[in-house]
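Student: Please take one part of this model and go through it closely. Start with a term I will need, then link that part to its surroundings.

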Amino acid sequence: MKLNSRIKERRTALGMTLLDVANALNVKEATVQRYESGEIKNLKQKTVLELAKIFKCTPAYLMGWDENDCADTKAGAGRLPLLGKIAAGQPILASEECEFFSPIDDTRADFCLRVKGDSMVGAGIKDGDIVFIRKQDCVDDGEIAAVLVDDEATLKRVYLTDDTVTLISENPKYKPMIYTKRQCKNILILGKAVACHTVL
């Protein structure tokens, strides 16, 4: 079953209207209708993650890669979908390009991302590595998280105050990324990094 069919299926199963979903995503009702008709084929990673949260299912289920729609799927239950690259460009989900990676030990994760760049080498995370992400919208200070900034995904240590969000690299050649409260509306924490698989 394709992404557009899964979106319609979950919306109907939960008794939600197109307008309900549109309001939750902060988009127009016609946009959700285009998702369901398949007119919009490739959705941004942020959109798929938000839809999965709204529909109480996993991103992998929406993409048609997993028949298990439980939002609390554990890594041990099967392979996890690679949703895109992190720290470079716009992460786009395209079902025809999907890959899967086996979970590490008993780590609970929802999806994984391929690292591009050397900003986290000090934490042992290198270019090309696969990072396993547990979906959550907040993390403790100093934890490493996948963060969406203006539709670009990056992997950084996160520090929060009442007025700022600071993203810190584990490489001295990169300066801290500091965002004010006003800028924070463009920032979304996708989840906490819970494991890393080194690609040789």
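Tutor: Two strands count as a pair if DSSP finds at least two bridges between them. Keep in mind that this is a predicted model.

Start with strand E8, which covers residues 152–160. E8 and E9 run antiparallel, and four bridges join them. A hairpin of three residues leads from E8 to E9. Look at one rung of this ladder: Val158 has Leu167 in E9 as its bridge partner.

Now step across to the next strand. E9 is also joined to E10 by four bridges, and this pair is antiparallel too. Leu167 appears again here, standing opposite Met177 in E10. Follow the rungs and you go from Val158 to Leu167, then from Leu167 to Met177.

Next, look at the loop between E9 and E10. Lys173 forms a salt bridge with Asp118, at 3.0 Å from N to O. The two ends are 55 residues apart: Lys173 sits in the loop between strand E9 (164–168) and strand E10 (177–180), while Asp118 sits in the loop between strand E5 (111–115) and strand E6 (130–135). Buried or exposed: what is Lys173? Its relative accessible area is 57%, so Lys173 is exposed. Asp118 has 24%, so Asp118 is partly exposed.

A second bridge starts beside strand E7. Glu143 and Lys192 meet at 2.9 Å, N to O, in a salt bridge. This pair also links distant parts of the chain, 49 residues apart: Glu143 is in the loop between E6 and strand E7 (144–149), and Lys192 is in strand E11 (residues 187–197). Lys192 is partly exposed because its relative accessibility is 22%. In general, side chains of opposite charge can pair when their charged atoms come close.

Move along the chain to Ala145, in strand E7. The relative accessible area of Ala145 is 0%, so Ala145 is buried. What does Ala145 touch, leaving out residues up to four places away in sequence? The list is Val139, Thr154, Leu155, Lys156, Val158, Ile189, Gly191, Lys192 and Ala193. Two names on this list should look familiar. Val158 is the partner of Leu167, and Lys192 holds the salt bridge with Glu143. Ala193 deserves a look as well. In sequence, Ala145 and Ala193 are 48 residues apart, yet their C-alpha atoms lie 5.2 Å apart in space.

To place Ala193, we need the nonpolar cores. In soluble globular proteins, nonpolar side chains tend to be buried together. The largest nonpolar core in this model has 19 residues, and Ile7, Val21, Leu43, Leu51, Phe55 and Leu62 touch the most other members. At least two residues of this core come from each of H1, H2, H3, H4 and helix H5 (59–62). H4 gives the most, with five. Take Leu51 as an example: beyond its neighbours within four places in sequence, Leu51 contacts Ile7, Val21, Leu25, Leu43 and Leu62. Apart from that core lies another one, of 15 residues, including Leu113, Val115, Ala146 and Ala193. That is where Ala193 belongs.

For contrast, visit one of the helices. H3 covers residues 29–37, and Thr31, Val32, Tyr35 and Glu36 are buried in it. These four span an arc of only 140 degrees around the axis, so they lie on the same side of H3. An α-helix has 3.6 residues a turn, so residues three or four places apart point the same way. The cover over the buried residues of H3 includes helix H1 (3–13), helix H2 (18–25), strand E1 (43–44) and helix H4 (45–55).

Just past H3, Gly38 has a positive phi of about 85 degrees. A salt bridge joins Arg34 to Glu39, with the closest N and O atoms 3.4 Å apart. Arg34 is partly exposed because its relative accessibility is 36%. Glu39 reaches 53%, so Glu39 is exposed. Altogether, the model has six salt bridges.

Finally, step back. The protein has five helices and 11 strands. Of its 200 residues, 43% are buried. Among contacts with a separation of 6 or more, 61% join residues 24 or more positions apart.

Definitions and conventions: Residues numbered from 1 in each chain as written. Predicted model: local features only at pLDDT ≥ 70, side-chain atom pairs only at ≥ 80, totals over all residues. Heavy atoms only, no water. Salt bridge = Lys/Arg side-chain N within 4 Å of Asp/Glu carboxyl O. Buried < 20%, exposed > 50% of the residue type's maximum accessible area, 1.4 Å probe, protein only. Contact = heavy atoms within 4.5 Å. Arc of directions from axis to C-beta. Core = buried A, V, L, I, M, F, W, Y, C linked by side-chain atoms within 4.5 Å.
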